[in-house]
Structures are given as structure tokens and as C-alpha cells.
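Dear colleague,

I am passing on the structure we spoke about, with its sequence, so that you can look through it yourself. Below it you will find my notes on what came out of it.

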Amino acid sequence: MSANDKSTPIPHDNAGTSRRSFMRNLAIAGAGIGAGLVSQSSLASGSTVCAGNVVSGQSRKLGDLTVSPIGLGCMSMSSGSYNPPRSAKEMVPVIRGAIDRGVTFFDTAEVYGPFTNELIVGEALKPVRDQVVLASKLGFKFDNGQRAGRDSRPVAIRKAVEGMLKRLQTDRIDLLYLHRVDPNVPVEDVAGTMGELIKEGKARHFGLSEVSPTTLRKAHKEYPVTAVQSEYSIMERSVENQVLDTCKALGVGFVPWGSVCRGFLADKFNEYSRFSDDSRFASVPYFTPEAIKTNLVILDQIRVWSDERGITPAQFSIAWLLAQHPFIVPIPGTTKLHHLDEDLGALSVTFSASELAHFRTVIENIELAGFRAKDAALTDK
Ligand SMILES: NC(=O)c1ccc[n+]([C@@H]2O[C@H](COP(=O)([O-])OP(=O)(O)OC[C@H]3O[C@@H](n4cnc5c(N)ncnc54)[C@H](OP(=O)(O)O)[C@@H]3O)[C@@H](O)[C@H]2O)c1
């Protein structure tokens with residue numbers, strides 16, 4: 001699937017290389033070289049490239065689950081969402097490179113591929129399985145290997161988990177999310193089944209994705225939820241309407257997907273970007289030509305703030321998310337280690353309370369196009 005027809009990611013990447021290298025080197029210089037994980041994963045991958053452990057012992061908590069403060073989203077490695085699917089041969093070194101850099105939190109799902117993403121992630125993590133946190137998601141049904149609606153019946157969940165464990169080459173999934181709520185199955189039944197799977201040792205923690213505060217509360221009452229995963233970025237802010245507050249009140253972690261707004265905040269697109277009808281981008285409301293034009297105003301503002309600090313817009317955007325709450329763990333998705341290095345550079349960025357208040361005032365006065373209405377957060381997606 002072609003990702004985009006007329007956007008200009010490559011020239012921009014080249015233009016940003018020296019600043020990105022600078023940020024990467026800065027992050028590496030500020031961190032010690034990690035011991036156990038680095039040597040084990042490098043040996044396992046046969047890789048000679050090791051940028052150093054930029055995460056260097058930093059961690060965050062999702063509920064009672066400890067993870068690196070930034071995880072790696074693996075979806076686009078094989079789903080064909082933003083780029084053509086990549087092979088295991090190409091992507092296993094990217095995941096192992098992330099381990100070398102100190103990332104311990106990896107995100108996949110049964111539906112990515114479908115199935116093939118879990119195969120890649122399973123192969124990559126096998127040698128270091130006990131030292132990483134593996135998150136995957138279920139809740140769709142498949143017909144002839146293609147996604148065909150939702151199915152969260154207990155029997156379907158159990159069947160899905162058996163396949164996932166095989167593909168992931170493991171005996172347990174550390175964080176098992178319901179990917180989307182099935183309107184035909186009460187979320188309490190899902191929570192109960194997840195609780196049983198956790199008792200049986202096939203999963204360790206229960207998560208939900210794109211749920212309303214009401215659904216989160218109902219599920220959490222039946223079995224404690226460890227994390228909610230939904231879209232959240234400095235541009236897509238609808239979860240600020242009660243979802244984050246509910247997570248905070250219940251002690252549930254929050255994992256924002258789309259932290260760089262599918263590449264927009266990483267400067268991948270401009271007013272000339274156009275997408276072919278078979279591209280996933282073509283169905284995203286904030287990527288229509290008109291929406292991109294409107295939304296470039298916030299990117300221009302973020303570029304100003306980033307330049308003032310000698311960082312990149314992607315780093316600013318991820319650091320902004322990290323600064324919102326200590327229970328937030330972004331999982332930027334990438335197929336490239338140099339982009340991961342840039343994204344991890346966000347760990348070196350801090351903002352004062354007055355800076356954050358200033359950013360807030362400014363962004364709330366910028367008109368955006370194609371993002372969810374505030375009330376969208378109050379219903380399951
Ligand atoms: N729960 C859900 O419903 C749901 C939905 C979507 C995604 N997810 C999960 O969340 C993860 C992240 O979300 P996402 O991938 O949709 O959005 P994202 O992380 O905002 O954006 C990923 C895109 O940004 C690009 N990118 C990342 N860092 C970059 C950098 N420094 N410079 C230039 N480009 C950069 C990547 O391209 P390159 O490959 O070229 O770096 C990729 O195309 C996914 O991998 C998946 O695991 C969950």
C-alpha cells in the first residue's frame with residue numbers, strides 16, 4: 001500500500017539529520033551504557049551497532065506495571081498502515097536496537113498484519129523475553145485472514161490468546177488489551193475473562209483501548225485495569241475530557257498512541273502532501289488537504305518552541321505528553337532506528353510549569369481540523 005504520494009519525508013529527514021544527530025548524541029552522552037539488556041540483545045541480534053542505553057534506568061508505572069518511559073509501537077512494521085509491510089529480517093534489528101537503547105515496552109496486536117506483527121515482535125523479543133514488557137491486543141474476528149468485525153465473547157478471547165501466545169513465542173502476555181469494545185458483549189464479561197487468564201498465567205495485566213470513562217469504570221470494578229491505550233497528542237486532545245482524570249482517579253496508566261500524530265508532528269508532511277485512495281492516511285480526517293493546511297499552524301508554532309530549545313518537533317511533542325502526567329507512557333511507532341533515536345531524545349527534555357501553562361494557552365487558541373470532538377471521549381470508539 002502506498003503511504004503517500006506527494007509528501008516530502010525524505011528531503012526533510014535529510015535536512016534534519018545534523019540536528020537529530022546532535023540530539024541523539026546529547027541523549028547518549030547524558031546516559032551510561034546499560035549492562036544486561038544491551039549485551040544480551042546485541043549478542044542475540046548479532047548487531048554491532050549500539051547507540052547506548054539512552055533510557056538508562058528511567059522508568060514509569062502503568063498501574064503496578066513498570067515500563068521504560070517511552071515504549072516502541074510496532075504496528076507500522078507490518079500492518080501496511082503508513083508504509084508497505086516490512087520483513088522480519090528488516091524489523092527484528094529495529095526492535096533489538098530499541099532494547100539496546102533501554103526500551104523495555106513493546107506494543108503489538110493480533111490485528112496488525114493481521115497476525116504478522118506478532119510474529120516479528122515474538123521473534124525479536126524471544127532472547128530477552130523475561131526482561132521486557134510485551135503488550136498485545138485482541139477483540140477482532142477474522143474471515144479468510146482479514147479483519148471482519150469485533151468479537152469479545154469469552155470463547156473468542158480464549159481462542160485468540162492461544163494463537164497470540166504461539167505467534168509471540170511466549171507463555172504469557174504482560175499487558176493484554178481489549179483493542180475495541182464489542183457492543184454485543186458486556187465489558188464486565190471481558191474483564192472477568194481477562195482476570196481468569198491472568199490467574200492461569202497466560203496474561204499478567206489487563207488493558208483497554210479507546211474506551212469511555214464509563215466503560216473503564218465498569219471494567220475496573222470487575223477486574224483492575226492496568227492501562228488504557230487511546231489516541232493522544234498535542235493535537236488530538238479529546239481524552240483530556242474525563243478519560244485521563246478517570247485513569248488518575250483509578251490508578252490506571254495511560255498509553256497514548258499517535259504521539260507524533262502519525263508522523264505529522266515529526267515533520268513528515270506539508271501543504272503539498274496528498275494520499276492515494278488505498279492509503280490509510282486517506283481515511284484520516286486530519287490528513288485531508290484542507291485539514292493539513294489548517295493544522296500546519298500548530299506545527300509551525302511547535303517548530304518555533306522546538307527551535308528555541310534546540311530540539312525537534314517530534315521530541316517536543318513526545319516530551320509534552322510525558323509532562324502531562326507521570327502515568328503516561330508514549331509508544332511512538334517507527335520502522336527506523338534513527339527515528340527512534342530522535343523520539344527517545346524527548347527523555348532529555350523538561351518543561352517548567354510556566355512553560356507548560358504557556359503552551360496550553362497558545363494551543364487552545366489554535367484552530368485544528370479533522371480531530372475528534374471533545375465529547376467523542378465519552379463514548380467507546
Ligand atoms: N490502540 C489503538 O487503537 C492503536 C491505534 C494505532 C496505533 N496503535 C499503537 O500505537 C503505536 C504508535 O501509533 P502510530 O504508529 O499510529 O502513530 P505515531 O507513533 O504518532 O506515528 C508513527 C509514524 O510516525 C513516523 N515517525 C515516528 N517517529 C518519527 C521521527 N522521529 N521522524 C519522522 N517520522 C517519525 C513513523 O514513520 P517511520 O516508520 O518512517 O519512522 C510512522 O509512520 C503503533 O505502532 C501501535 O502499536 C494503537
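Around the ligand there are 29 residues, and those that come nearest are Gly-73, Met-75, Trp-257, Ala-266 and Gly-333; please bear in mind that this is a predicted model. By character, the shell around the ligand consists of twelve polar, ten nonpolar and seven charged residues, and helix 12 (residues 337-344) supplies the largest share of it, with three residues.

Turning to the sheet, seven strands are arranged in the order 3-4-5-8-9-10-11, with parallel pairing, and the sheet is open. Strand 3 (72-73) and strand 11 (253-257) are at its edges, and because each has a single partner strand, one side of each is left without a neighbour in the sheet. Within the sheet, strand 8 (residues 175-178) and strand 9 (residues 206-209) run parallel and are joined by three bridges; Leu-176, for instance, has Phe-206 in strand 9 as its bridge partner.

As for the interior, the largest nonpolar core holds 98 residues, of which Ile-95, Phe-106, Val-228 and Leu-265 touch the most other members, while helix 11 (residues 313-324) gives this core its largest share, seven residues. If residues up to four places away in sequence are left out, Val-228 touches Gly-207, Leu-208, Val-211, Leu-216, Val-243, Cys-247, Val-252 and Phe-254. Of these contacts, Gly-207 and Leu-208 fall within strand 9 (residues 206-209), and Phe-254 falls within strand 11 (253-257).

With best regards

Technical notes: Residues are numbered from 1 along each chain as its sequence is written. This is a predicted model: local features need pLDDT of at least 70, side-chain atom pairs count only at pLDDT 80 or more; totals for chains, interfaces and linings use all residues. A residue is near a molecule or strand if its C-beta atom, placed from the backbone, lies within 6 Å of it. Helices (H or I, at least four residues) and strands (E, at least two) are DSSP runs, numbered from the N terminus. Ala, Val, Leu, Ile, Met, Phe, Trp, Tyr, Cys and Pro count as nonpolar, Asp, Glu, Lys and Arg as charged, and the others, Gly among them, as polar. Two strands pair if DSSP finds at least two bridges between them. A nonpolar core is a set of buried Ala, Val, Leu, Ile, Met, Phe, Trp, Tyr and Cys residues joined through C-beta atoms within 7 Å. A residue is buried if 20 or more other C-beta atoms lie within 10 Å of its own, exposed if 12 or fewer, and partly exposed in between; C-beta atoms are placed from the backbone. Two residues are in contact if their C-beta atoms, placed from the backbone, lie within 7 Å.
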